Amino acid sequence: MKFLFTFLCLLSLQSLVQAQEVKSGPKGFPVVAHLDTLFFIQNRLGSLSAKERAERTSEKVSKLADDLLFVADSVKVVKDSLVMDIDYKGDILMSLSSLDADSVNMDKEVLAKTYRQIIVDNVLQYKKETNVVELLKRAGLGILILSVLGACLFYLNKFFNRFRGWISKRLHKKLSQLRIKDYELINKKNELALINKVLHLVKFVLMFLLVYLTLPLVFRLFPWTKPLGDHLMNFVLNPLRNMVSAVIDFIPNLIAILMIFFVFHYIKKLIKFLAEEIESEKLKINGFYPDWAKPTYNIIKIVLSAFMVVVIWPFIPGSNSEIFKGVSVFLGVLISFGSSSAISNGVAGMVITYMRPFRVGDVVKIGDITGAVLEKSLLVTRLKTIKNEIITIPNSAILNGNTVNYTSLCVDDGLIIHTTLTLGYDIPWPKIHELLINAALATEGVIKEKQPFVLQTSLDDWYVSYQLNAYVSRPDIMAVIYSELHKNIHEAFDAAGVEIMSPHYQAIRDGNASTLQQKEAPAGS
């Protein structure tokens, strides 16, 4: 019966401690004896506060172990009119009121007997652990554990040194250089050195773990160092316990994040499929051009990705913490101030995409730069000039300036190129028109089906300005066509005996000399 009563008391104690830890929280004060927490007191009694009661009880229980003639039966529960006293040889260790019993939902007498048994067990256990014979046994066990630890460290070090030597010989012939294309990232010698350093690090990690896990066992052998051993174990176990608990708690949120991710992933795949169909012109939508498909998909993908992050954000661990919020605000401000030009270029890139001023491959003139469009991205446009120069132009500059698309002008009527020639009034204009048109028709690249024409753009004091206009269909070789046209004009006028000379120059030169080549000059010139 006594054993059964003790067992029931221990069960009552467990429920008591749990109830006090949950209910009292910071209001409960622990009764600590011999480095063990026995129970909690959370109510005042008479003039003593709960803290003072806990401190006085801890002090009295701790002194019981100093009694060499301690007898467990001398610790008794004495019933008073208002309280239940736990007494040892006339000295009251503590008193329990009805309020103490009500706070843990127990009978006052049962609570007193439970506390009495806890006190007795604590004192007996401490006296047993501090017995000289017991201490010698535990010291011997500690020496044995440390000896085993030293042997393990010695053989572990010896094994790893041999293993490193064996692995070096084994891998020396099998290792090859680690290369990325033509760049040698690491050679054979450095690979072996890296492997040895990794093995060396693994060895020290294992040795540290052995020492760290062995010391708590030794410390727990003695009552004075037992808390230190518990602290060492808690340094490892508490983070692991918290990590495991955090991972388990995060599983529902992880499932939600994965579901959200896969939903958005397949929505983007569907939009990509539709964009590819529109780009290949298998699917046609009135008013929606095929070259809009890819940039529109990229914009929708960015928007969907941003929306997905917003939806997932509350499920991320620590997203509601102040640090997380502070970092988020800092990054937002940093992006806002640091990417103003990038945002303006991005907006300009979207506007240019839907304005369709040019496409990849078109020959355009943007500002003073003429070239073929190599790349049209969200932020910049790249041109390749006739001199094989790759020029990058920000999209905001394109939107704020003028753009001439030579390729689009060639689609229907052809592109008109022109050059201006100034000649004196003494040369008949029909002859000049005829020579210029013939020179244009003889030029390769000029459309022969469309008749070139000449415009007299000005009548100046000393000369007339003749502008030759011709149709071409290859703007990508426009510079070559211009060069060929100028050469043909020069040859045609030389063959006809007409000097390409303004009267300004004739008035100040020696009139006996001619600019024509001597072999082509007519007789009597």
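## Glu 59 and Lys 63 in helix 2

Glu 59 pairs up with Lys 63 in a salt bridge, with 3.4 Å between the closest N and O atoms. Keep in mind that this is a predicted model. Both partners sit in helix 2, which covers residues 50–64, and they are four residues apart, or about one turn of the helix.

How do the two ends fare for exposure? Glu 59 comes out as partly exposed, because its relative accessibility is 46%. Lys 63 has a relative accessible area of 52%, so this residue is exposed. The line between the two classes runs at 50%, which is why Glu 59 and Lys 63 get separate labels.

## Glu 484 and Lys 487 in helix 14

Further along the chain, helix 14 (residues 478–495) holds another pair: Glu 484 and Lys 487, three residues apart, so about one helical turn separates them. They form a salt bridge too, and here the closest N and O atoms are 3.3 Å apart.

As for accessibility, Glu 484 has a relative accessible area of 25%, so it is partly exposed. Lys 487 is also partly exposed, because its relative accessibility is 40%. To be called buried, a residue would have to be under 20%, so neither Glu 484 nor Lys 487 falls in that class.

## Glu 375 and Arg 382

Next up is a bridge with an arginine: Glu 375 and Arg 382 form a salt bridge whose closest N and O atoms are 2.8 Å apart. Glu 375 lands in the partly exposed class because its relative accessibility is 35%. Arg 382, at 27%, is partly exposed as well.

How many salt bridges does the whole structure have? A full search turns up seven, and the pairs Glu 59 with Lys 63, Glu 484 with Lys 487 and Glu 375 with Arg 382 are among them.

## A nonpolar patch on the surface

Now for the greasy side of things. Ile 302, Ile 343, Val 347, Met 350, Val 351, Tyr 354, Met 355, Leu 378, Leu 379 and Leu 399 together make a nonpolar surface patch of about 820 Å².

Which element supplies the largest share of that patch? Helix 10, spanning residues 340–355, does, with six residues. One of the patch residues, Ile 343, lies in this helix. Ile 343 counts as partly exposed because its relative accessibility is 49%. A residue needs over 30% relative accessible area to join a patch, so Ile 343 clears that bar.

How values were computed: Residues numbered from 1 in each chain as written. Predicted model: local features only at pLDDT ≥ 70, side-chain atom pairs only at ≥ 80, totals over all residues. Heavy atoms only, no water. Patch = residues over 30% accessible without salt bridge, like charges linked within 9 Å, V, L, I, M, F, W, Y side chains within 5 Å. Areas by Shrake-Rupley, 256 points an atom, 1.4 Å probe, with all protein chains shown as cover. Salt bridge = Lys/Arg side-chain N within 4 Å of Asp/Glu carboxyl O. Helix = DSSP H or I, 4+ residues; strand = E, 2+ residues; numbered from the N terminus. Buried < 20%, exposed > 50% of the residue type's maximum accessible area, 1.4 Å probe, protein only.
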